[in-house]
Amino acid sequence: MLLYALILLPALGGLAAFLIRKDAARRGLLLAVAAAHALLTAAAWRIRPEGAWQGWLALDDLGLVFLGITSLLFLVCSLYGVGYLASQRQAGGQNEEEGFL
């Protein structure tokens, strides 16, 4: 069940961000999904999840390391991305590069 949550959480978060129209809510959703994914990754380190799909999907030691690095990167990028997206919304207007060609 934990493996399914680790895969479906970012996918459903992306789908929800597509459907939500308010920018502040989307930024909050980005942080919430990244934090929840980091917590699920920590739980996967503590409680080794069983394989899924008759063993076709499983976490071994190297997979846990890769998952931890990826989840940490997702969390850090979402923290940066929230500030960046908020500043882009405030700046508004057209950038110099837009419409050049």
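**Figure 1. A nonpolar patch lies on the surface of this predicted model.** Ten names make up the patch: M1, Y4, I7, L8, L12, L15, F18, L19, W53 and W56. Together they have about 1,300 Å² of accessible area. F18 is one of these patch residues. F18 sits in helix α1. Is F18 buried or exposed? F18 is exposed, because its relative accessible area is 59%, and the cut-off for exposed is over 50%.

**Figure 2. Three helices form the overall fold of the protein chain.** How many strands does the chain have? The count is zero. Read from the N terminus, the order of elements is α-α-α. The chain has 101 residues, and 20% of them count as buried. The protein chain exposes about 7,600 Å². Carbon and sulfur atoms supply 68% of that exposed area. Now take the contacts between residues at least 6 apart in sequence. Of these, 70% join residues at least 24 apart.

**Figure 3. The largest nonpolar core has eight residues.** Its members are L2, L3, L6, A44, A52, L59, L64 and L67. Helix α1 (2-19) and helix α3 (61-91) each supply at least two of them. Which helix gives the most to this core? Helix α1 does, with three residues. L67 is a core member. Beyond its neighbours up to four places away in sequence, L67 touches L6, H37, T41 and L59. Of these partners, L6 and L59 also belong to the core.

**Figure 4. L59 is a core residue in a loop.** The loop in question runs between α2 and α3. L59 counts as buried because its relative accessible area is 19%, and buried means under 20%. What does L59 touch, not counting residues up to four places away in sequence? The list is L3, L6, A44, R48, P49, L64 and L67. Among them, L3, L6, A44, L64 and L67 are fellow members of the core. L59 and W45 are 14 residues apart along the chain. Their C-alpha atoms are separated by 9.7 Å.

**Figure 5. T41 is a buried residue of helix α2.** Helix α2 covers residues 23-46. The relative accessible area of T41 is 4%. Buried means under 20%, so T41 qualifies. Where does the side chain of T41 reach? It reaches the backbone oxygen of H37, at 2.8 Å. Setting aside neighbours within four places in sequence, T41 is in contact with L6, L67, G68 and S71. L6 and L67 are both core residues.

**Figure 6. H37 is another buried residue, also in helix α2.** The relative accessible area of H37 is 6%. A polar atom of the H37 side chain lies 3.4 Å from the backbone oxygen of L6. Which residues are in contact with H37, leaving aside its neighbours within four places in sequence? They are L6, L9, P10, L67, S71 and F74. S71 is also in contact with T41.

**Figure 7. R26 and D23 meet in a salt bridge within helix α2.** Side chains of opposite charge can pair when their charged atoms come close. A search of the whole structure finds two salt bridges. In this one, the N to O distance is 2.5 Å. How many residues apart are R26 and D23? They are three residues apart, about one turn of the helix. R26 is partly exposed, at 28% relative accessibility. D23 is partly exposed too, with a relative accessible area of 24%.

**Figure 8. R48 forms a salt bridge with D61.** The closest N and O atoms are 2.8 Å apart. This pair links distant parts of the chain, 13 residues apart. R48 is in the loop between α2 and α3, while D61 is in helix α3. R48 counts as partly exposed, at 47% relative accessibility. R48 also touches L59.

**Figure 9. L72 is an exposed residue of helix α3.** What is its relative accessible area? The value for L72 is 54%. Exposed means over 50%, so L72 falls in that class. L72 and A34 are 38 residues apart along the chain. Their C-alpha atoms are separated by 8.6 Å.

Note on methods:
Residues are numbered from 1 along each chain as its sequence is written. This is a predicted model: local features need pLDDT of at least 70, side-chain atom pairs count only at pLDDT 80 or more; totals for chains, interfaces and linings use all residues. Side-chain values use heavy atoms; hydrogens and water are left out. Helices (H or I, at least four residues) and strands (E, at least two) are DSSP runs, numbered from the N terminus. Buried means under 20% relative accessible area, exposed over 50%, partly exposed in between (1.4 Å probe, protein chains only). Contact means heavy atoms within 4.5 Å. Accessible areas come from the Shrake-Rupley method with a 1.4 Å probe; for residues, only the protein chains shown count as cover. A polar contact is a pair of N or O atoms within 3.5 Å; within protein, one must be able to donate a hydrogen and the other to accept it, and residues adjacent in sequence count only if both atoms are side-chain atoms. A nonpolar core is a set of buried Ala, Val, Leu, Ile, Met, Phe, Trp, Tyr and Cys residues joined through side-chain atoms within 4.5 Å. Patches are made of residues with over 30% relative accessible area and no salt bridge: like charges are joined within 9 Å, nonpolar side chains (Val, Leu, Ile, Met, Phe, Trp, Tyr) within 5 Å. A salt bridge is a side-chain nitrogen of Lys or Arg within 4 Å of a carboxyl oxygen of Asp or Glu.
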